[in-house]
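Below is a short report on one chain, written for a reader who will set the text against the coordinates. It moves from helix packing to the sheet, and then to single residues.

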Amino acid sequence: MLEQFDKAFENRLRLQIMSVLAANEYYDFNALKDLLNATDGNLASHLKALEKEEYIVVTKSFIGRKPNTQYAASAKGKEAFRKHLEALTSLIQQQKNNN
């Protein structure tokens, strides 16, 4: 059962990031930072970890002269997140049945 859990989502902030990206088409860095009440460095390191797993897609652009970085969940990321949530649901259900 525990092997179904994805280590990439063990961290609270990464779990929150994927939750936001699963529910939205994309989110930009500053909006994620504000929503999740994260520091620049902390958010950037967790986004980098999800990017390394190829769970998110990063798009960099400019709005006027300001750089803008947007993040979206990749198909691989959505599938991994779905499986992780199913494992959580299964564990919860198993515990309910044992009580």
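At what angle do helix 2 and helix 3 pack, and how far apart are their axes? The angle is about 110°, and the axes lie 10 Å apart. Helix 2 covers residues 29-36, while helix 3 covers residues 40-52. Angles of 65 to 115 degrees count as roughly perpendicular, so helix 2 is roughly perpendicular to helix 3. The crossing of helix 2 past helix 3 is right-handed. On the helix 2 side, F29, L32 and K33 make the contact. Helix 3 contributes D40, L43, A44 and L47. Sorted by class, this contact between helix 2 and helix 3 holds five nonpolar residues, two charged residues and no polar ones.

**The chain as a whole**

The model is predicted. The chain holds four helices and three strands. Read from the N terminus, the order of elements is α-β-α-α-β-β-α. Along the principal axes, the C-alpha atoms fill a box of roughly 60 × 25 × 20 Å. The chain has 99 residues, and buried residues make up 31% of them. Take the contacts between residues at least 6 apart in sequence: 55% of these join residues at least 24 apart.

**The sheet**

In what order do the three strands of the open sheet stand? The order is 1-3-2, with antiparallel pairing. Strand 1 (27-28) and strand 2 (56-63) are at the edges. Each has a single partner strand, so one side of each is left without a neighbour in the sheet. In general, strands of a sheet pair through backbone hydrogen bonds, either parallel or antiparallel.

Strand 3 spans residues 66-73 and runs antiparallel to strand 2. How many bridges join strand 2 to strand 3? There are eight. In one of these pairings, I63 has K66 of strand 3 as its bridge partner. In another, S61 stands opposite N68, again in strand 3. The hairpin of strand 2 and strand 3 has two residues between the strands. G64 in this hairpin takes a positive phi.

**A residue in strand 3**

T69 lies in strand 3. Is T69 buried or exposed? Its relative accessibility is 18%, and buried means under 20%, so T69 counts as buried. Leaving aside neighbours within four places in sequence, T69 is in contact with Y27, D28 and F29. It also touches V58, T59 and K60. F29 is one of the helix 2 residues in the contact with helix 3.

**Positive phi values**

Which residues take a positive phi, and where do they lie? The table lists three of them.

| Residue | Location | Phi |
|---|---|---|
| N37 | loop between helix 2 and helix 3 | near 55° |
| E54 | loop between helix 3 and strand 2 | near 65° |
| G64 | hairpin of strand 2 and strand 3 | near 65° |

For N37, the positive phi occurs in a residue other than glycine. The positive phi of E54 is likewise in a residue other than glycine. N37 has 71% relative accessibility, and exposed means over 50%, so N37 counts as exposed. N37 sits in the loop between helix 2 and helix 3, the two helices that pack at about 110°. E54 is in the loop that leads from helix 3 to strand 2, and strand 2 is an edge strand of the sheet.

Terms used
Residues are numbered from 1 along each chain as its sequence is written. This is a predicted model: local features need pLDDT of at least 70, side-chain atom pairs count only at pLDDT 80 or more; totals for chains, interfaces and linings use all residues. Side-chain values use heavy atoms; hydrogens and water are left out. Axes are lines fitted to C-alpha atoms, for helices over the stretch in contact, and angles run from 0 to 180 degrees between N-to-C directions. Angles under 35 degrees count as roughly parallel, over 145 as roughly antiparallel, 65 to 115 as roughly perpendicular and the rest as oblique. A crossing is left-handed if the near helix is turned anticlockwise from the far one by less than a right angle, and right-handed if clockwise. Contact means heavy atoms within 4.5 Å. Ala, Val, Leu, Ile, Met, Phe, Trp, Tyr, Cys and Pro count as nonpolar, Asp, Glu, Lys and Arg as charged, and the others, Gly among them, as polar. Two strands pair if DSSP finds at least two bridges between them. Buried means under 20% relative accessible area, exposed over 50%, partly exposed in between (1.4 Å probe, protein chains only).
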